[in-house]
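Notebook open. I want to go through the backbone oddities, the core and the charged pairs of this chain, one lookup at a time.

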Amino acid sequence: MTNITQPSNSAASSQASTHRCVRVCQNRTCKKQGAAKVLEALANLPVPADVTVTASGCLGQCGNGPIVLVLPDMVWYSGVQANEVPLLVEQHLHCGERVKQMLYYRFHPQG
């Protein structure tokens with residue numbers, strides 16, 4: 001089972017560069033858009049040992065959620081739905097490749 005830590009309001013991470021953190025916004029708008037189910041889906045999938053899944057406070061991208069931020073990669077995913085989480089885990093967390101169709105255009109305009 002995945003380690004889910006307490007909510008954080010910071011997008012930056014002070015963790016060592018070998019450790020990755022997946023933050024899932026759990027603020028009002030993202031929650032209305034299904035963020036709780038996205039977090040639950042992440043918690044129920046095996047992720048690499050160097051990854052911690054974290055419930056996050058607002059990441060400042062309201063209306064574009066659910067927002068998922070992978071640190072220290074600084075990869076932002078928007079509109080993530082629970083049924084897309086297995087693809088994100090397999091492609092990004094296990095294989096190190098961004099899921100282009102889920103990238104947040106504001107931070108990754110070229111995909």
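**Entry: loop between S4 and S5.** I started with Met 74, which sits in the loop between S4 and S5. The model is predicted, and I read every value below with that in mind. Phi of Met 74 is near 55°, positive although the residue is not glycine. Most residues other than glycine have a negative phi, and most peptide bonds are trans. I checked the exposure of Met 74 next: a relative accessible area of 41% makes it partly exposed.

Pro 72 belongs to the loop between S4 and S5 as well. I looked at the bond before it: Leu 71 to Pro 72 is cis, with omega near 5°.

**Entry: another cis bond.** I also noted the peptide bond from Gly 65 to Pro 66, which is cis with omega near -5°. Pro 66 lies in the loop between S3 and S4.

**Entry: fold layout.** I counted elements and got 3 helices and 5 strands. In sequence order they run β-β-α-α-β-β-β-α. What share of contacts between residues at least 6 apart joins residues at least 24 apart? I found 68%. Of the 111 residues in the chain, 44% are buried. I put the accessible surface at about 5900 Å², with 50% of it on carbon and sulfur atoms.

**Entry: nonpolar core.** In soluble globular proteins, nonpolar side chains tend to be buried together. I looked for that here. The largest nonpolar core has 32 residues. Val 22, Val 24, Leu 42, Val 68, Tyr 77 and Leu 93 have the most contacts inside it. At least two residues of this core come from each of S2, H2, S3, S4 (68-71), S5 (75-77) and H3 (85-94). Which element gives the largest share? H2 does, with 5 residues.

I then listed the partners of Val 68, skipping neighbours within four places in sequence. Val 68 touches Val 22, Arg 23 and Val 24, among others. The list also includes Val 38, Val 75, Trp 76, Tyr 77, Val 80 and Leu 88.

**Entry: H3.** Which residues of H3 are buried? I get Val 85, Leu 88, Val 89, His 92 and Leu 93. These residues span an arc of only 110° around the axis, so they share the same side of H3. An α-helix has 3.6 residues a turn, so residues three or four places apart point the same way. I asked what this buried set packs against, and the result was S2, H2, S3, S4 and S5. Just after H3, Gly 96 has a positive phi of about 75°.

**Entry: salt bridge.** I searched the whole structure and found 1 salt bridge. The pair is Arg 20 with Asp 50, and the closest N and O atoms are 3.2 Å apart. Arg 20 is in strand S2 (residues 20-25), while Asp 50 is in the loop between helix H2 (35-43) and strand S3 (51-56), so the bridge ties together parts 30 residues apart in sequence.

Are the two partners buried or exposed? Arg 20 is buried, at 13% relative accessible area. The cut-off for buried is under 20%, so Asp 50 at 27% misses it. I logged Asp 50 as partly exposed.

Notes: Residues numbered from 1 in each chain as written. Predicted model: local features only at pLDDT ≥ 70, side-chain atom pairs only at ≥ 80, totals over all residues. Heavy atoms only, no water. Salt bridge = Lys/Arg side-chain N within 4 Å of Asp/Glu carboxyl O. Helix = DSSP H or I, 4+ residues; strand = E, 2+ residues; numbered from the N terminus. Buried < 20%, exposed > 50% of the residue type's maximum accessible area, 1.4 Å probe, protein only. Core = buried A, V, L, I, M, F, W, Y, C linked by side-chain atoms within 4.5 Å. Contact = heavy atoms within 4.5 Å. Arc of directions from axis to C-beta. Areas by Shrake-Rupley, 256 points an atom, 1.4 Å probe, with all protein chains shown as cover.
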